[in-house]
Amino acid sequence: CDAACVNPAIYAEFSKEMETDYFSTDHIKLYTCDDALCAQGEMTEKTVTVTTVSSTKLSLVLPLTSPLSADTYYRVWIDGDITSALGVSLSDSGSNYGGEENLFFEDDYSWIFKTKTSSAYCSIDRIDIDPVEAIATQIGQRQSFEAIPYGAPDDCDVSGQALQQSDYTWNLWTSLDDPDTFISDDGGTTS
């Protein structure tokens with residue numbers, strides 16, 4: 001992408017459950033690059049916090065006072081020593097070394113993106129909730145939901161770019177269960 005928002009959600013999603021102890025800045029980094037190659041020696045590490053969303057997803061959170069710079073290349077680097085929950089290292093199963101996005105990090109995984117020329121934040125076009133629905137099967141069971149803001153569709157993503165959640169003030173909400181109300185097959189409710 002050559003027109004990323006300066007307030008993007010930067011994350012990695014894995015197809016297998018991962019060993020989340022590796023989800024840290026020791027193994028996952030964001031670099032500011034001098035040019036489009038983002039070669040070693042031409043990058044500066046940017047401060048981020050790595051958060052675990054789930055055993056298959058991690059997120060890089062930017063400090064509120066330090067958004068990405070406009071018209072700048074960035075590289076996300078993931079250490080190939082990260083392992084799945086079954087002990088398979090990323091270098092054995094997922095390295096993209098030698099490809100256009102990763103010419104310099106043998107046995108690791110990385111990708112490059114460039115921010116748009118404007119330093120204006122992308123605004124929220126919609127908010128998705130993940131998971132979309134949840135069914136509790138035990139008394140007292142709880143489900144966490146994630147609100148994901150998205151910008152308007154653009155050149156980087158026809159569905160809109162996911163935006164940094166920490167850039168916005170969120171009001172907490174809860175849902176109360178009314179066990180005496182049922183939704184019938186025709187969509188009506190009965191008590």
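**Exercise 1. In this predicted model, find the partner of Cys-33 and work out which hand the link has.**

Step 1: Look for the bonded sulfur. Cys-33 is joined to Cys-38 by a disulfide, with 2.2 Å from S to S. That fits the cut-off, since a disulfide here needs two cysteine sulfurs within 2.5 Å.

Step 2: Check the twist. The torsion about the S-S bond of Cys-33 and Cys-38 is about 110°, so this disulfide is right-handed.

Step 3: Ask about the surroundings. Both Cys-33 and Cys-38 are buried.

**Exercise 2. Decide whether Cys-5 and Cys-122 are buried or exposed, and say what their bond ties together.**

Step 1: Start with the bond. Cys-5 and Cys-122 form a disulfide, S to S 2.0 Å. The angle about this S-S bond is -95°, and the link is left-handed.

Step 2: Place the two ends. Cys-5 sits in the segment before strand 1, while Cys-122 is in the loop between strand 7 (109-114) and strand 8 (126-130), so the bond ties together parts that are 117 residues apart in sequence.

Step 3: Use the cut-off: buried means under 20% relative accessible area. Cys-5 has 1%, so Cys-5 is buried. Cys-122 has 13%, so Cys-122 is buried as well.

**Exercise 3. Do the same for Cys-1 and Cys-156.**

Step 1: The bond first. A disulfide joins Cys-1 to Cys-156, and the S to S value is 1.5 Å. Its torsion is about 55°, so the disulfide is right-handed.

Step 2: Where are the ends? Cys-1 is in the segment before strand 1, and Cys-156 is in the loop between strand 9 (146-150) and strand 10 (182-183). The pair links distant parts of the chain, 155 residues apart.

Step 3: Anything from 20% to 50% counts as partly exposed. Cys-1 comes out at 42%, so Cys-1 is partly exposed. Cys-156 has 24%, so Cys-156 is partly exposed too.

**Exercise 4. Write down the pairing pattern of the bonded cysteines.**

Step 1: A search of the whole structure turns up three disulfides.

Step 2: Number the bonded cysteines in sequence order, and you get the pairing 1-6, 2-5, 3-4.

**Exercise 5. Sketch the open sheet that contains strand 1.**

Step 1: Put down three strands in the order 1-5-4, with antiparallel pairing.

Step 2: Mark the edges. Strand 1 (10-13) and strand 4 (49-54) each pair on one side only. Neighbouring strands of the sheet are turned by 20° against each other on average, direction ignored.

Step 3: Add the bridges. Strand 1 pairs with strand 5 (residues 57-61) over four bridges, and Ile-10 stands opposite Leu-60 in strand 5.

Terms used:
Residues are numbered from 1 along each chain as its sequence is written. This is a predicted model: local features need pLDDT of at least 70, side-chain atom pairs count only at pLDDT 80 or more; totals for chains, interfaces and linings use all residues. Side-chain values use heavy atoms; hydrogens and water are left out. Two strands pair if DSSP finds at least two bridges between them. Helices (H or I, at least four residues) and strands (E, at least two) are DSSP runs, numbered from the N terminus. Axes are lines fitted to C-alpha atoms, for helices over the stretch in contact, and angles run from 0 to 180 degrees between N-to-C directions. Buried means under 20% relative accessible area, exposed over 50%, partly exposed in between (1.4 Å probe, protein chains only).
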